[in-house]
Amino acid sequence: MSATPAPSLFRRHAFLFWTLGALACVLAWDAGGQDLAWAQPFGSAQGFPMRDQWFFVQVMHEGARRLGWLLVLLLTLSVWWPLGFLRRLDAGERAQMAVSALLSLAVVSIGKNLSATSCPWDLAQFGGVARHVSHWALGVLDGGSGRCFPAGHASAGFAFLGGYFALRRKAPGAARWWLAGALVAGLVLGGVQQVRGAHFMSHTLWTGWLCWTTGWLCDVAARALRPRFANLNAPSAEAPHAST
């Protein structure tokens with residue numbers, strides 16, 4: 001019987017190649033300077049007309065933010081009380097889903113709080129006072145309030161990308177749907193903020209990449225740690241009874 005061929009280099013490191021490929025695309029977007037071009041259809045020197053539109057603010061911003069946190073809470077509770085397809089996973093895999101979402105939210109939040117980049121509605125081109133400065137011009141202030149990179153609101157969808165990695169082995173069908181849902185949610189929420197003038201498209205794309213990478217690294221760590229925990233939880237051999 002012929003031996004099973006070894007998997008190709010791409011298959012062995014598929015997620016690394018996908019992550020690097022996505023990084024190249026996001027860097028290409030930055031290098032192309034597309035942010036202002038994509039913001040101009042929605043804003044003018046008088047500002048962004050849809051900035052305070054009720055549906056965008058109350059439903060797509062406030063409502064989506066609360067829904068995202070509710071899902072994080074449900075994922076955390078599912079570690080002990082799983083429902084539906086989550087029952088196919090063990091407690092460690094369910095914990096991975098919750099932890100990867102929380103870490104993704106933390107990474108984006110920390111990045112925003114350290115950023116000197118202001119939002120589109122703060123720029124002089126759109127009725128504000130700041131000047132446009134690349135978010136890679138570290139330490140260069142643009143004259144605005146800053147703390148607008150990456151896109152925090154889009155992380156309410158993208159933060160759940162890590163769930164794909166936890167699901168893909170035991171529930172591949174659910175994993176694909178979960179991945180698609182997180183991607184669509186993140187892009188839609190980022191798009192709404194683009195229309196409102198709250199973020200540039202690059203902010204949304206970088207949030208997606210950061211959340212994907214965080215979820216992948218959580219999976220790498222979980223796979224590395226799983227054998228150690230399995231060994232710790234394995235029943236030890238009973239000590240021999242002392243002879244009487």
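# Exercises on a helical chain

L71 is found in helix α4 (residues 54–78). Helices here are DSSP runs of H or I with at least four residues, strands are runs of E with at least two, and both are numbered from the N terminus. The model is predicted, so local features need pLDDT of at least 70 and side-chain atom pairs pLDDT 80 or more, while totals for chains, interfaces and linings use all residues. Residues are numbered from 1 along each chain as its sequence is written, and side-chain values use heavy atoms, leaving out hydrogens and water.

## Exercise 1: The chain as a whole

Task: State how many helices and strands the chain has, and what share of its residues is buried.

Solution:
- Step 1. Count the elements: the chain has 9 helices and 0 strands.
- Step 2. Read them from the N terminus: the order is α-α-α-α-α-α-α-α-α.
- Step 3. Fix the terms: buried is under 20% relative accessible area, exposed is over 50%, and partly exposed is in between (1.4 Å probe, protein chains only).
- Step 4. Apply them: 42% of the 244 residues count as buried.
- Step 5. Turn to the surface: the chain exposes about 14,000 Å², and carbon and sulfur atoms supply 67% of that area. Accessible areas come from the Shrake-Rupley method with a 1.4 Å probe, and for residues only the protein chains shown count as cover.
- Step 6. Look at contacts (heavy atoms within 4.5 Å). Among those between residues at least 6 apart in sequence, 78% join residues at least 24 apart.

## Exercise 2: A nonpolar patch

Task: Find which residues form a nonpolar patch on the surface, and place L71 among them.

Solution:
- Step 1. Set the rule: patch residues have over 30% relative accessible area and no salt bridge; like charges are joined within 9 Å, and nonpolar side chains (Val, Leu, Ile, Met, Phe, Trp, Tyr) within 5 Å.
- Step 2. List the members: L67, L70, L71, L73, L74, L77, W80 and W81.
- Step 3. Give the area: together they have about 850 Å² accessible.
- Step 4. Check L71: its relative accessibility is 31%, so L71 counts as partly exposed.

## Exercise 3: Salt bridges in α4

Task: Work out which partners E62 has in salt bridges, and whether E62 is buried or exposed.

Solution:
- Step 1. Define the bridge: a side-chain nitrogen of Lys or Arg lies within 4 Å of a carboxyl oxygen of Asp or Glu. By this rule the count is 7.
- Step 2. Take R65: its side chain meets that of E62 at 2.5 Å, N to O. The two are 3 residues apart in helix α4, so about one helical turn separates them.
- Step 3. Take R66: its closest N and O atoms with E62 are 4.0 Å apart. R66 and E62 are 4 residues apart in helix α4, about one turn.
- Step 4. Compare burial: E62 is buried at 19%, R65 is partly exposed at 35%, and R66 is exposed at 52%.

## Exercise 4: D219 and its network

Task: Describe where D219 lies and what D219 touches.

Solution:
- Step 1. Locate D219: it lies in helix α9 (residues 201–233).
- Step 2. Check burial: D219 has a relative accessible area of 0%, so it is buried.
- Step 3. List its contacts: D219 touches Q96, F165, R168 and R169, leaving aside residues up to four places away in sequence.
- Step 4. Add R223: R223 and D219 form a salt bridge with closest N and O atoms 3.4 Å apart. Both lie in α9, 4 residues apart, about one turn. R223 is partly exposed at 44%.
- Step 5. Join the parts: R168, R169, D219 and R223 are linked in a network of salt bridges.

## Exercise 5: The loop between α5 and α6

Task: Find which peptide bond is cis, and where P150 is found.

Solution:
- Step 1. Name the bond: the one from F149 to P150 is cis, with omega near 0°.
- Step 2. Place P150: it is in the loop between α5 (91–114) and α6 (155–158).
- Step 3. Add R147: R147 is also placed in the loop between α5 and α6. R147 is not a glycine, yet has a positive phi of about 55°. At 52% relative accessibility, R147 counts as exposed.
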